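Student: I have a new structure open and would like to learn how to read its sheet. Could you walk me through it, one feature at a time?

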Amino acid sequence: EILEKEPVARVFSHDGSSFYIDDSLNMLPLSNRHAARLPVFTNFTSSLKVMTKADSNLLRGIKQMSLYIQKDSFLMAMIDQVNIIGQNHFELIPKLGDQIILFGDENELGKKFEKFKKFLRFLDNKRQARE
């Protein structure tokens with residue numbers, strides 16, 4: 001019996017390398033045949049196979065945030081990428097507008113994403129009013 005590992009997020013390191021992580025925080029290589037449609041996180045601090053405790057904590061935050069985004073089709077459609085800033089803090093780059101949203105850490109994801117969705121709806125309404 002073979003269990004295939006399912007990626008939950010795509011992560012780009014600050015040096016340009018890229019990998020997927022699975023639900024157990026294992027680093028998975030990229031495939032030449034298929035690109036998974038997952039949230040993209042940029043500016044990860046390390047590309048080493050052996051992670052520091054801080055890197056492992058950051059990957060846990062990435063996993064939590066990615067799984068939350070994937071559960072919401074609106075968020076999947078509206079978030080272009082998530083930048084990692086500092087230690088365990090994130091900023092969102094939406095597909096709509098040219099704003100950068102300082103999100104903070106992965107705590108209280110529900111509250112933060114609800115505010116983010118309200119903001120995006122405001123931007124969309126404003127855009128529609130101009131047209």
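Tutor: Happy to! Let's begin with one pair of residues: Tyr 20 has Leu 28, in strand 3, as its bridge partner. Keep in mind that this is a predicted model.

Student: In which sense do strand 2 and strand 3 pair, and over how many bridges?

Tutor: Strand 2, residues 18-22, pairs with strand 3 in the antiparallel sense, over 2 bridges.

Student: In what order do the strands lie in the sheet?

Tutor: Follow the pairings from strand to strand and you can write down the order. Here 7 strands make an open sheet, ordered 3-2-1-4-5-6-7, with mixed pairing. At the edges are strand 3 (27-28) and strand 7, each paired on one side only.

Student: Which helix packs on the sheet, and which strands does it touch?

Tutor: That is helix 3, residues 109-130, which touches strand 5 (79-85), strand 6 (89-94) and strand 7. The direction of helix 3 makes about 170° with that of strand 7. You can find Arg 127 in this helix; at 30% relative accessibility, Arg 127 is partly exposed.

Student: You said the pairing is mixed. Where do I find a parallel pair?

Tutor: Look at strand 4, residues 40-44: it pairs with strand 5 in the parallel sense, over 2 bridges. Phe 41 stands opposite Val 82 of strand 5 there.

Student: And what joins strand 5 to strand 6?

Tutor: Those two pair in the antiparallel sense over 6 bridges, and Ile 85 has His 89 in strand 6 as its bridge partner. Strand 5 and strand 6 form a hairpin with 3 residues between them. In its turn, Gly 86 has a positive phi of about 60°.

Student: How many residues lie between strand 6 and strand 7 in their hairpin?

Tutor: There are 6, and Gly 97 in that turn has a positive phi of about 85°. Strand 6 and strand 7 run antiparallel, joined by 3 bridges. Leu 92 is found opposite Ile 101 of strand 7.

Student: Where do side chains point along a strand?

Tutor: In a regular strand they alternate between the two faces of the sheet.

Student: Is Leu 102 buried or exposed?

Tutor: Residues count as exposed over 50% relative accessible area. Leu 102 lies in strand 7 (residues 101-104), and its relative accessible area is 67%, so Leu 102 is exposed.

Student: Which residues make a nonpolar surface patch with Leu 102?

Tutor: Ile 85 and Ile 100 join Leu 102 in a patch of about 290 Å². You met Ile 85 earlier, as the bridge partner of His 89.

Key:
Residues are numbered from 1 along each chain as its sequence is written. This is a predicted model: local features need pLDDT of at least 70, side-chain atom pairs count only at pLDDT 80 or more; totals for chains, interfaces and linings use all residues. Side-chain values use heavy atoms; hydrogens and water are left out. Patches are made of residues with over 30% relative accessible area and no salt bridge: like charges are joined within 9 Å, nonpolar side chains (Val, Leu, Ile, Met, Phe, Trp, Tyr) within 5 Å. Accessible areas come from the Shrake-Rupley method with a 1.4 Å probe; for residues, only the protein chains shown count as cover. A salt bridge is a side-chain nitrogen of Lys or Arg within 4 Å of a carboxyl oxygen of Asp or Glu. Helices (H or I, at least four residues) and strands (E, at least two) are DSSP runs, numbered from the N terminus. Buried means under 20% relative accessible area, exposed over 50%, partly exposed in between (1.4 Å probe, protein chains only). Two strands pair if DSSP finds at least two bridges between them. Contact means heavy atoms within 4.5 Å. Axes are lines fitted to C-alpha atoms, for helices over the stretch in contact, and angles run from 0 to 180 degrees between N-to-C directions.
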